[in-house]
Amino acid sequence: MKKSALFAAICVPAFLAAAPLAAKTLVYCSEGSPENFYPGVNTTGTSFDAAEQIYNRIVEFERGGTKVVPSLAEKWEVSADGTVYTFSLRKGVKWHSNKNFKPTRDMNADDIVFMFERQWKEENPFFKVTSPNHSYFNDMGMPKLLKSVEKVDDYTVRITLNQPEAPFLANMAMMWSSVQSKEYADAMMKAGTPEKIDQEPIGTGPFSLVQYQKDAIIRYKAFPEYWAGKAKIDDLVFSITPDASVRWAKLQKGECHVMPYPNPADLEAMKKDPNVQILEQAGLNVGYLAYQTTKKPFDDVRVRKAFNMAMNKKAIVDAVFLGSGVPAKNPIPPSMWSYNDSVKEDEYNPEAAKKLLAEAGYPNGLETDLWAMPVQRPYNPNARRIAELMQADLAKIGVKAEIKSFEWGEYRKRAQAGEHQMAQLGWTGDNGDPDNFLHTLLGCASAQSNSGSNIAKWCHKPFDDLVTKAKVTTNQAERTKLYEQAQLIFKEQAPWFTVAHAVQLKPVRKEVVDFKLSPFGRHTFYGVDINSK
Amino acid sequence: MLRFILTRVSLIIPTFLGITLLAFFLIRLVPGDPIETLAGERGIDPARLEELRKVYGFDQPILVQYGIYLSRVLQGDLGKSMITQEPVLSEFSALFPATIELATCAILFALLLGLPAGIIAAIKRNSIFDHGVMGISLAGYSMPIFWWGLILILLFSVQFDLTPVSGRIDVLYYIEPITGFLLIDTLLSDEPEAFWSAVRHLILPTIVLGTVPLAVIARMTRSAMLEVLGEDYIRTAKAKGLSRFRIVALHALRNALIPVVTVIGLQIGVLFTGAILTETIFSWPGVGKWLIDAIFRRDYPVLQGGALLLGVVVMSVNLLVDLAYGLINPRIRHTR
């Protein structure tokens with residue numbers, strides 16, 4: 001068998017003792033296998049992480065933040081009415097190559113148009129390749145929003161929207177809009193193997209794919225011609241390790257450098273390990289208990305307020321999240337712009353709650369149901385346990401809550417149809433825009449639909465006016481004001497008992513330099529360096 | 001003998017149909033809609049939901065679905081994974097060698113330790129060795145695989161630094177899969193070190209997966225041996241003045257092995273079940289892990305295909321065991 005160049009590059013130096021020029025290899029113990037390398041049809045973080053290293057988007061989120069920064073587009077202009085976006089593309093952006101494909105041109109407007117059409121136009125020959133289910137493109141409302149995507153010249157793309165939509169730019173920074181090579185797609189179509197573009201991907205990103213073995217390993221190599229400069233590490237390896245305890249054992253031994261999703265039980269030991277540091281950040285998520293506001297007794301704001309005061313949030317978060325969550329007072333997480341810190345939290349006060357409940361006409365308490373998800377979610381490690389704690393707190397003000405649960409798919413469907421009185425649920429944001437929380441989860445549009453995400457079925461005109469206005473306003477300062485006000489109304493009207501924002505904890509070995517947590521939960525290795533011992 | 005073989009082989013057909021029935025219907029009895037599960041929190045547009053149902057054939061009556069499924073299976077088409085869109089058969093064949101490699105090592109480990117331990121325990125009945133073997137094998141038999149695997153990792157990998165934590169080979173090696181059996185592939189590559197790395201990675205999973213079969217084999221060998229040693233012809237052999245070694249090795253062992261071979265055949269099923277857990281702990285890229293993922297994602301085609309293929313493998317191994325049985329024990333091939 002032939003020794004590959006990479007093999008020589010890594011192994012030979014590694015086996016000559018103290019070779020000073022050893023290639024820098026960073027090993028990431030990832031939690032599972034990606035489905036493929038086409039983010040347009042993916043929905044899981046595992047798949048996005050695998051693709052993140054390979055592709056670029058027109059614009060991207062800054063590393064470690066939610067701010068949108070230029071990437072394949074160097075700059076852009078938005079028309080005064082907010083419906084026409086003109087992107088000027090970066091010149092000289094090179095594509096990766098592999099054994100089946102050698103690019104003959106740089107990235108240009110054709111590739112950007114291809115990215116849209118592949119997900120948008122059913123007649124595009126790639127629409128159905130790998131999967132016709134372009135989840136995010138549809139979920140972000142693109143088919144309705146997009147009017148046209150035109151190539152003006154090789155390096156200019158003009159996108160026209162049907163109506164102004166402020167979060168559009170943030171949407172373009174999401175993984176689904178990763179840009180693939182049109183030239184590669186055409187070549188593979190001609191060769192009769194169109195699905196290869198998603199299995200042996202060609203991107204413009206900082207790392208190119210060398211090898212993928214399902215359930216074992218993903219191997220990347222730094223792309224020397226990357227437009228923003230070669231990555232500081234030479235080789236990047238995803239060592240696929242599904243069990244959290246095993247990931248921790250590997251991290252301890254130095255068999256990997258970064259690991260996601262630690263076991264809460266291991267955190268103490270991790271903090272004590274001198275070779276490991278734990279990075280921490282409140283994630284873009286919220287876990288909540290929604291009151292069905294169109295049903296008795298929760299159509300009365302006094303009942304909702306009384307319930308909010310009756311439940312001891314801090315005790316619940318401490319007991320269930322074990323240090324991996326912070327109590328939530330707003331529906332959006334603190335790391336998101338426009339978070340209103342001046343909102344006053346409802347204080348825990350069973351006495352006052354009881355009084356308020358009596359005022360609302362329930363002096364002897366009441367009976368209600370309380371739904372708990374059957375599965376662990378990123379924003380809620382144990383909904384059942386939380387429900388039990390809530391039940392005990394509510395009993396103190398004379399409320400008898402019956403805990404109910406369904407199989408997960410059924411649960412969500414029934415909650416969206418509003419069959420509950422109280423139901424727990426949560427949300428993980430994916431474009432860093434408050435609209436993604438406030439309008440999607442609490443707006444009238446999604447309250448009125450039977451499959452909408454507003455399971456409180458809460459449609460409050462003053463609130464809805466604010467978030468709808470913010471959606472079509474392009475000035476961020478103005479939007480911030482609108483959203484801050486909306487949060488005040490939210491608190492006053494109490495459609496939810498906001499439970500917690502889960503904190504992401506990332507154990508990283510000390511020799512890893514400048515790894516930044518992403519609020520989206522992505523793992524980006526461009527810009528990361530490693531100190532060899 | 002031919003008749004014996006034919007009878008055994010023909011018994012396979014109803015069993016095979018039974019497996020397809022189970023694979024098809026049992027999975028559908030489990031609550032949860034696969035498309036809803038795919039959707040997560042975001043939900044899915046009702047029109048799209050219908051469209052996807054059509055794509056995956058869920059809109060047909062269930063019996064029709066089964067009929068289509070069976071006719072496809074018979075043509076060797078197990079469908080495509082709903083998640084990766086890869087043919088189930090090709091995913092299975094890419095991952096199966098890893099499972100075989102692990103299972104083979106585990107069963108060899110169990111045999112190499114279990115047979116001698118059982119034999120010696122039987123010969124030295126009621127000795128400390130006998131009690132030791134029985135005690136340890138009882139413990140081994142009752143050991144929860146998950147816990148056992150993690151304990152071994154903590155002890156041998158983290159504490160003593162003797163073995164790697166998980167995986168099949170050090171990430172430094174880039175071995176192009178040829179046969180899929182890493183031990184062979186590394187020998188074919190020109191890096192001898194890679195072979196040893198693969199061996200080191202095999203040690204802990206082998207022990208974990210081999211523990212239950214080891215315990216069963218040791219106990220079974222011991223009791224079968226005890227029974228045979230009490231037979232008249234053994235007494236006769238002793239009376240004739242044969243050496244103890246000859247009695248045990250030539251006269252007793254061959255007869256004692258018959259029930260042991262049956263047990264080994266039955267252990268194949270146990271091995272595959274154990275492999276699911278072992279592969280998950282040790283990040284071993286085999287079919288066990290693949291099936292677990294499929295369960296979580298409600299990936300029906302993979303679950304059906306995987307269960308079916310594993311069923312066929314277990315069935316074939318048991319058939320081979322049956323045939324081997326006939327070889328060891330001539331009485332069996334003459335009974336009908």
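## Chains A and B in a predicted model

B:Leu22 is exposed, with a relative accessible area of 52%; exposed means over 50%, buried under 20%, and partly exposed in between, with a 1.4 Å probe and protein chains only. This is a predicted model, in which local features need pLDDT of at least 70, side-chain atom pairs count only at pLDDT 80 or more, and totals for chains, interfaces and linings use all residues. Residues are numbered from 1 along each chain as its sequence is written, chains are lettered from A and ligands numbered from 1 in the order in which they are written, and side-chain values use heavy atoms, with hydrogens and water left out.

B:Leu22 belongs to helix α1 (residues 2-29) of chain B. Helices (H or I, at least four residues) and strands (E, at least two) are DSSP runs, numbered from the N terminus. Chain B has 14 helices and zero strands. Its C-alpha trace spans about 85 × 55 × 40 Å along the principal axes. Of the 336 residues of chain B, 51% are buried.

According to UniProt (unreviewed entry), the annotation "domain: ABC transmembrane type-1" covers residues 96-321 of chain B. The same source places "transmembrane region" features at residues including 198-218 and 302-328 of chain B. For chain A, an unreviewed UniProt entry gives "domain: Solute-binding protein family" at residues 67-447. UniProt positions follow the numbering used here, feature names are shortened, and annotations may be inferred rather than shown by experiment. The table describes these spans.

| Span | Helix | Strand | Distance between end C-alpha atoms |
|---|---|---|---|
| Chain A, residues 67-447 | 31% | 22% | 29 Å |
| Chain B, residues 96-321 | 80% | 0% | 21 Å |
| Chain B, residues 198-218 | 100% | 0% | 28 Å |
| Chain B, residues 302-328 | 100% | 0% | 38 Å |

The two chains also meet. In the interface, 56 residues of chain A are in contact with 54 residues of chain B, contact being heavy atoms within 4.5 Å. The size of an interface is often given as the accessible area lost when the parts come together. Between chain A and chain B the buried area is about 4,600 Å², with 55% from carbon and sulfur atoms; buried area is the accessible area (1.4 Å probe) that two parts lose on being put together, summed over both. Two salt bridges are counted between chain A and chain B, a salt bridge being a side-chain nitrogen of Lys or Arg within 4 Å of a carboxyl oxygen of Asp or Glu. The side chains of B:Lys289 and A:Asp215 form a salt bridge, at 3.2 Å from N to O.
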